[in-house]
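Biologist: I'm new to this one and would love a friendly tour. Could you put the structure up, so that I can ask as we go?

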Amino acid sequence: MNEFPDRLLVIDIDGLRQDVFHAAMVDGSAPHLAGLLSGGVHLDPVSTAPSITFCAQTSLFTGAQSDEHGIAGNQFFDRFGAQTRGRARFYAFDIGDTLAVDDAVLVFSGAEGLLGKAANPGILTLYERAARRGLSSAVAHHMLGRGADAWLRPNLADIARFTKGGGLLGLSALEFDRQMVEKAARHLRGGARPDVLTLYFMGVDHRSHQHGPQDQPAALADVDGLLGEFLAEYDRAGLLDGALAAVVSDHGQVGVTPDDRHSLRMSFPFDREMGYLFDALGLDVHDKPGEDPDCDAVAASNGGLAHVYLRHREGGWADAPRFQADVLRAGMAFWDANLTGRHAPDLQGALAMILARNVEAEGWQAGYRALTPEGRMLGVGEFLAGHPEIETVEAESRLERLAGPHAGDLLLVANSGEGFYFANPMPGMHGGLHPGESLCVASLGWVGASGGQAGRLREETGALIEGRRASVADLMPVLAKWMGV
Ligand SMILES: [Zn+2]
């Protein structure tokens, strides 16, 4: 009887809500997923803060949190220019055609892709770990392919369609995912027998953005159908039996209000209304595509959260901003706008929390505290205790692991309970701290395992998490245990 599974198949379903996943496990609407996971174990993790793709996916596949891997969102600002010879750089992995250089296309360009280059090179990906142990790997359509022997990428024309305006322009999400599955199947038919194989499905997240989270069960059933076709190929290649299947998602989604009033465009191309707040403070905000980040303030939109970076007015980006004169001054202007609409009418009532951190006193790992409308700083837990209307899960621990060199000096939390968010108008959203967008999936099943093997998988995996809620960063140590990577 084998002590360990023979190989690893990771099925990554972007944006799949934890409750939708569990409902499908019992109602028979995702029979292939349910079959893979039968007798297995559910970690039921919480996503990163922000609960957004590039940050959470990097945590899933490295085991590090964003204060270490450095990917502080789909959008963030690297004020030190760690990968750009010291020149500060704004990253927008999700934006598409509004940028002079299209980061969304660069994600799949070059040997490592933009995410692979931007993520801390000192932190190994699953595939780099596998390679060290002599294991081969293949990755289909996932944005982090660093270290994989075969990185099967979407073609550039499809990426361009996919990124422009957030729609697929004639290509359905199902068709896009079908192409991914076909690439992976072709890879196997060509004779590859990867020890580690990752399949990345974007259809659930995409449809949930377009039609709201209530569309997730139907979208998941479609993904399950495609998965069934793939598993038949995987089985024909003799790879299915003995495999460890890991089914994961990076975040969930919540329903928001798809109109101009509730969609806050904080970073470019933003509604000019938002710029007035920075104008009033005398700050030149980074608001033109391709603009030199030689400015005073940068905003990075991540759905439910937005980073605001402030430059020391007499220094450079690599200098810590002054807490009173730079950070608190801007934070209080956001409170003013939130309460009265002053300088930024769009912001009135739009924010649930304004968090600030004092890197001047505490360094680049300084943690966030809640700024009150009176200008006091409170612990995040204390602030939330006084505001039961703001629903969150594991807010303090997640924010603590966001607080690294690439995190904002201010962190704006959208009032998602009233339907607000930092993005273009859409009915489905994520990025914030609400349970619906934060709780996600990491479940393991050992295909063809004996009762004893399945029991060990459940017990020994459970022991790694014991007594606390799992996070997306816990997947990696679990895979390390079972795959020896
Ligand atoms: Zn995602």
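Biologist: Which residue forms a salt bridge with D215?

Modeller: Keep in mind that this is a predicted model. In it, the closest N and O atoms of the pair are 3.1 Å apart, inside the 4 Å limit for a salt bridge. The partner of D215 is R207.

Biologist: Are D215 and R207 buried or exposed?

Modeller: A residue is called buried when its relative accessible area is under 20%. That label applies to both D215 and R207: they are buried.

Biologist: How many salt bridges does the structure hold?

Modeller: In general, side chains of opposite charge can pair when their charged atoms come close. Here, the count of such bridges is 22.

Biologist: Which residue pairs with R178 in a salt bridge, and in which helix is that partner?

Modeller: R178 sits in helix 9, which covers residues 173-189. Its salt bridge has closest N and O atoms 3.3 Å apart, and it links distant parts of the chain, with the two residues 51 apart. The partner is E229, and its helix is helix 11.

Biologist: How do R178 and E229 count, by relative accessibility?

Modeller: The range from 20% to 50% lies between buried and exposed. R178 has a value of 25%, and E229 has 45%. R178 therefore counts as partly exposed, and E229 likewise counts as partly exposed.

Biologist: Where do R236 and E233 lie?

Modeller: Their side chains meet in a salt bridge, at 3.6 Å from N to O. The two are three residues apart, about one turn of the helix. Both lie in helix 11.

Biologist: Of that pair, is R236 buried or exposed, and what about E233?

Modeller: E233 has a relative accessible area of 15%, so it is buried. R236 has a relative accessibility of 63%, so it counts as exposed.

Biologist: Which residues are joined into one network by salt bridges that share partners?

Modeller: Here we look at bridges with partners in common. The residues joined in this way are D67, E68 and R401.

Biologist: Back to helix 11: how are helix 10 and helix 11 oriented to each other?

Modeller: Helix 10 spans residues 203-211, and its axis is 9 Å from that of helix 11. The packing angle is about 155°, and angles over 145 degrees fall in the antiparallel class. The two helices are therefore roughly antiparallel.

Biologist: Which residues of helix 10 make the contact with helix 11?

Modeller: On the helix 11 side, the contact is made by Q216, A218, A219, L220, D222 and V223. By class, the whole contact has five nonpolar, three polar and two charged residues. From helix 10 come G203, V204, R207 and S208.

Biologist: And how does helix 1 lie relative to helix 11?

Modeller: The axes of helix 1 (residues 18-27) and helix 11 (residues 216-236) come within 10 Å and cross at roughly 60°. That angle makes helix 1 oblique to helix 11.

Biologist: Which residues of helix 11 does helix 1 meet?

Modeller: Helix 1 brings V20, F21 and A24 to this right-handed crossing. In helix 11 they meet Q216, P217 and L220.

Biologist: One last stop: which residues is A111 in contact with, leaving aside its neighbours within four places in sequence?

Modeller: A111 is found in the loop between helix 5 and helix 6. With a relative accessible area of 72%, A111 is exposed. Beyond those neighbours, its contacts are W151 and R153.

Key
Residues are numbered from 1 along each chain as its sequence is written. This is a predicted model: local features need pLDDT of at least 70, side-chain atom pairs count only at pLDDT 80 or more; totals for chains, interfaces and linings use all residues. Side-chain values use heavy atoms; hydrogens and water are left out. Axes are lines fitted to C-alpha atoms, for helices over the stretch in contact, and angles run from 0 to 180 degrees between N-to-C directions. Helices (H or I, at least four residues) and strands (E, at least two) are DSSP runs, numbered from the N terminus. Angles under 35 degrees count as roughly parallel, over 145 as roughly antiparallel, 65 to 115 as roughly perpendicular and the rest as oblique. A crossing is left-handed if the near helix is turned anticlockwise from the far one by less than a right angle, and right-handed if clockwise. Contact means heavy atoms within 4.5 Å. Buried means under 20% relative accessible area, exposed over 50%, partly exposed in between (1.4 Å probe, protein chains only). Ala, Val, Leu, Ile, Met, Phe, Trp, Tyr, Cys and Pro count as nonpolar, Asp, Glu, Lys and Arg as charged, and the others, Gly among them, as polar.
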